[in-house]
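Reader: Could you take me closely through the wall of this model, beginning with its aromatic side chains and going on to how the strands are joined and where empty space is left? I would like the numbers kept with each statement.

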Amino acid sequence: MTAYSPTPVLVLATIFTILGSAPLQAQDEAPRGWSDVAELTFVFTGGNASSSTLGIKNTFDHAWANAAFQVAAGAVRTESGIATRTATGTPDDFVVTENTDTELTAEAYFIKTRYDRTVGSDVFVFGGAGWDRNTFAGIQNRFSFVGGAGHTWFNNEEHRLKADLGATYTIQDDVTEDPNAADAFLGLRASLDFFAKLTTSTDFTSVLVVDESLDETSDVRADWTGSISVAMSTRLALKTSLQVLWDNDPALVAVPLGAGQVLAPLKTLDRTLTLAIVAKF
């Protein structure tokens, strides 16, 4: 594919640099110790059509005076019932038999870790690793490692704004092998993390992560998640989230053509809207 410039990651890095020169607002000391947030999503439909979706996510954090560690893992599975009906007998006297076959129609898993350490009043360094699988987007296994530095403008109970830029190393195994793509490559990653307390019981969070391969600069991926959480008690909340995944150079899928097959790219955009019950510990 044709490379282009400037790249999205470099554009984000320029924005972060400009913002980094802005005056800092006072920061409150972040709570120390451990915390855990668990999310559960379940949707079931039955009758003439049947489907079920189960989603789970857990995020474990531990904070020290000048460092923080996080482990997050999640899974989403959707199964749909495909009904086949047949009739036996005569047009005036018949019996309809229905068979339902369950088919997996969506599947995604991930686990990631990250360690941040403050090296100044507003600057931090970080490192992390992760694995994800999304077979319906063409990804069988993807391992990624990242390290870099970031800037914090404010981080308190009312607002949070952080950005970082790092170097990555990715090992990717596609469901359908792309003969022209590298299995491992270096890259750049930029992220922007924003939080705001809209009311005493309502929070808004937005996280944007942009990855770019240095092996093929047209291979750019973006992952944005926006969510609104409404507290029901000190421990429980309802959370609505929208995740948008964009891949400028998506994985390939084998498509039958006559007696053979051809390789065609999957769609560049995936969207997931969820409503979850959140438990905080």
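**The barrel wall, from an aromatic pair outwards**

Author: Trp 34 has a relative accessible area of 55%, and because the class begins over 50%, this residue counts as exposed. Everything that follows, like that value, is computed from a predicted model. Phe 60, with a relative accessible area of 31%, is partly exposed, since the value falls in the range between the buried class, under 20%, and the exposed class, over 50%. A search of the whole structure for aromatic pairs finds 3 of them. In one of these, Trp 34 and Phe 60 are stacked, with ring centres 6.5 Å from each other and 20 degrees between the planes. The pair links distant parts of the chain, for Trp 34 belongs to strand β1 and Phe 60 to strand β2, and 26 residues separate the two along the sequence. Phe 124 and Phe 126 make another aromatic pair, this one tilted, at 6.4 Å centre to centre and with 55 degrees between the planes. Both of these phenylalanines, Phe 124 and Phe 126, are buried.

The strands that carry the stacked pair belong to a barrel, which 12 strands close in the order β1-β2-β3-β4-β5-β6-β7-β8-β9-β10-β11-β14, with antiparallel pairing. From one strand to the next, the twist averages 20 degrees.

To follow the wall, one can start at β2, residues 50-63, which runs antiparallel to β3, residues 67-90, over 14 bridges. Within that pairing, Ala 63 has Ala 68 of β3 as its bridge partner. On to the next strand, β3 pairs with β4, residues 93-118, in the antiparallel sense, and here there are 24 bridges. Ala 73 stands opposite Ile 111 in β4, while the connection between β3 and β4 is a hairpin with 2 residues between the strands. β4 then pairs with β5, residues 123-134, again in the antiparallel sense, over 10 bridges. A hairpin joins β4 to β5 as well, through 4 residues. The bridge partner of Thr 118 in β5 is Phe 124, the residue already met in the tilted aromatic pair with Phe 126.

The ring of strands is completed through β14, residues 269-280, which is joined to β1, residues 33-45, by 4 bridges in an antiparallel arrangement. Ala 38 stands opposite Ala 279 in β14. β14 is also joined to β11, residues 236-247, by 11 antiparallel bridges, and Leu 242 stands opposite Leu 273 in β14.

The loop between β10, residues 220-231, and β11 holds Met 232. Met 232 has a relative accessibility of 49%, and as the exposed class starts over 50%, this residue is therefore partly exposed. Although Met 232 and Ile 277 are 45 residues apart along the chain, their C-alpha atoms are separated by 9.8 Å.

There remains the matter of empty space. Rolling a probe the size of a water molecule over the atoms shows where such space is left. The count comes to 1 cavity of 30 Å³ or more, and the largest cavity holds about 40 Å³. Its lining is made by Thr 168, Thr 170, Phe 185, Asp 211, Glu 212, Ser 213, Asp 219 and Arg 221. The elements that give two or more residues to this lining are β7 (159-174) and β9 (202-213), and β9 gives the most, with 3 residues. By character, the lining of the largest cavity divides into 1 nonpolar, 3 polar and 4 charged residues.

An open space deserves the same attention, namely the second largest pocket, which holds about 510 Å³. Among the 23 residues that line this pocket, Asp 178, Asn 180, Ala 181, Ala 182 and Asp 249 are the closest to its centre. β7, which also gives residues to the lining of the largest cavity, gives the most to the lining of the second largest pocket, with 3 residues. The lining of this pocket divides into 8 nonpolar, 3 polar and 12 charged residues.

How values were computed: Residues numbered from 1 in each chain as written. Predicted model: local features only at pLDDT ≥ 70, side-chain atom pairs only at ≥ 80, totals over all residues. Heavy atoms only, no water. Pairing = 2+ DSSP bridges. Axes fitted to C-alpha atoms, helices over the stretch in contact; angles between N-to-C directions. 1 Å grid on protein atoms, 1.4 Å probe; cavity = no way out; pocket = protein on both sides within 12 Å on 5 of 7 lines; lining within 4 Å. Points joined across faces, edges and corners; volume = space filled by probe spheres on them. Nonpolar A, V, L, I, M, F, W, Y, C, P; charged D, E, K, R; others polar. Phe/Tyr/Trp six-rings, centres within 6.5 Å; stacked < 30°, edge-to-face > 60°. Buried < 20%, exposed > 50% of the residue type's maximum accessible area, 1.4 Å probe, protein only.
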